[in-house]
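Me: I have a structure open in front of me and I'd like a close look at a single part of it. Could you pick one part, walk me through it slowly, and then show me how the rest fits around it?

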Amino acid sequence: MPKIIKDLRPQIKNTALKEFEDIGFEAVTMRKLASKVGIGVGTLYNYFSNKEELYEEILIESWQATYSKLQTHYGNQSLRKIIEIIYDDIVDRKGLGGYVLKFDVNETAIDTPLKKLLHQTIESLIEYFKENNVEYPRRKATSLIIGIANIIKTYPGERDINIEYYCHLIKE
């Protein structure tokens, strides 16, 4: 019978998140991760069948938090606050935020929970933009999610200027 340790799953995810941020997805191995957590690699595989599954679960939780914040703030917050939430959450993900750069928003097959969540986030932004009479809501919602990840990478450490840029871009 596999050994299951109580409350180990969150510890694994927290350690994996730190490793993904510090050394990058490619450099993390299940063996190294198990060692960092202080468990055997077999025990780790009892919780996650591979590194990709673990990575996706971490991203899903992170984007669920962003989606929830946006849902809470849509009715009573400014466009700037919405942009700040997205921007700060992508920054907080460190390198993990760049995943959205690989996301094809026009893909018709929403075949994973993460793609579904990103699609829902974009659709909710579209509705917010429509309610606030923003022109081209679909294009601006899409470019906001993907563009913020890119601008953080291109102009790191320039939060206020980057946010101001997106506020201006969306309002045009």
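Reply: What follows starts with the nonpolar core and then moves out to the helices, rings and loops around it.

Before anything else, keep in mind that this is a predicted model. The chain has eight helices and zero strands, so if you read along the sequence you get the pattern α-α-α-α-α-α-α-α. Of its 172 residues, 42% are buried. Take the contacts between residues with a separation of 6 or more: 64% of them join residues 24 or more positions apart.

Now for the core itself. The largest nonpolar core has 49 residues. Which of them have the most contacts inside it? They are Ile-12, Ile-83, Ile-86, Leu-125, Phe-129 and Ile-148. Each of the eight helices, from helix 1 (8–23) to helix 8 (159–171), supplies at least two residues of this core. Helix 6 gives the largest share, with eight residues.

Pick out Ile-86 and look at what is around it. Leaving aside its neighbours within four places in sequence, Ile-86 is in contact with Leu-70, Leu-125, Leu-144, Ile-145 and Ile-148. Two names there, Leu-125 and Ile-148, are also on the list of residues with the most contacts inside the core.

Next, go to helix 1, where Ile-12 sits among the buried residues. The others are Leu-8, Lys-13, Thr-15, Ala-16, Glu-19 and Phe-20. Try picking out Leu-8, Ile-12 and Ala-16 on your screen. An α-helix has 3.6 residues a turn, so residues three or four places apart point the same way. What covers the buried residues of helix 1 includes helix 2, helix 3 and helix 4. You can check the length of helix 1 too: at 1.5 Å a residue, its 16 residues should span 22 Å, and the end C-alpha atoms are 22 Å apart, which agrees. Right after helix 1 comes Gly-24, with a positive phi near 95°.

Helix 3 has a buried residue worth finding as well. Thr-43 is in helix 3, and it counts as buried because its relative accessibility is 13%, with the cut-off for buried being under 20%. Thr-43 and Ile-5 are 38 residues apart in sequence, but their C-alpha atoms are 8.6 Å apart in space.

Let's turn to the rings. A search of the whole structure finds six aromatic pairs. One of them is Tyr-74 with Tyr-128: the ring centres are 5.1 Å apart and the planes are at 25°, so the pair is stacked. Tyr-74 lies in the loop between helix 4 and helix 5 while Tyr-128 is in helix 6, so this pair ties together parts that are 54 residues apart in sequence. Both of these tyrosines are buried. Elsewhere, Phe-20, Phe-25 and Tyr-55 form one aromatic cluster. Phe-20 also appears among the buried residues of helix 1, and Phe-25 has the charged end of Lys-51 sitting over its ring, 4.2 Å from the centre.

There's another charge over a ring to look at: Arg-93 lies over the face of Trp-63, at 4.0 Å from the ring centre. Arg-93 also has a polar contact of 2.3 Å with Ser-62, side chain to side chain. Ser-62 is in helix 4 and is partly exposed, with a relative accessible area of 21%. Ser-62 and Leu-96 are 34 residues apart in sequence, with their C-alpha atoms 9.5 Å apart in space.

Last stop: the loop between helix 6 and helix 7, and then helix 7 itself. Most residues other than glycine have a negative phi. Asn-133, in this loop, has a positive phi near 55°. Tyr-136 sits in the loop between helix 6 and helix 7 too, and its phi is positive, near 50°. Are these two residues buried or exposed? Asn-133 counts as exposed at 70% relative accessibility, and Tyr-136 counts as exposed at 55%. Step on into helix 7 (residues 137–154) and you reach Thr-142. Thr-142 counts as buried, at 16% relative accessibility, and its side chain reaches the backbone oxygen of Arg-138 at 2.9 Å.

Definitions and conventions:
Residues numbered from 1 in each chain as written. Predicted model: local features only at pLDDT ≥ 70, side-chain atom pairs only at ≥ 80, totals over all residues. Heavy atoms only, no water. Helix = DSSP H or I, 4+ residues; strand = E, 2+ residues; numbered from the N terminus. Buried < 20%, exposed > 50% of the residue type's maximum accessible area, 1.4 Å probe, protein only. Polar contact = N/O pair within 3.5 Å; in protein donor to acceptor, adjacent residues only side chain to side chain. Phe/Tyr/Trp six-rings, centres within 6.5 Å; stacked < 30°, edge-to-face > 60°. Lys NZ or Arg CZ within 6 Å of the ring centre and 35° of its normal. Core = buried A, V, L, I, M, F, W, Y, C linked by side-chain atoms within 4.5 Å. Contact = heavy atoms within 4.5 Å. Expected span 1.5 Å × (residues − 1).
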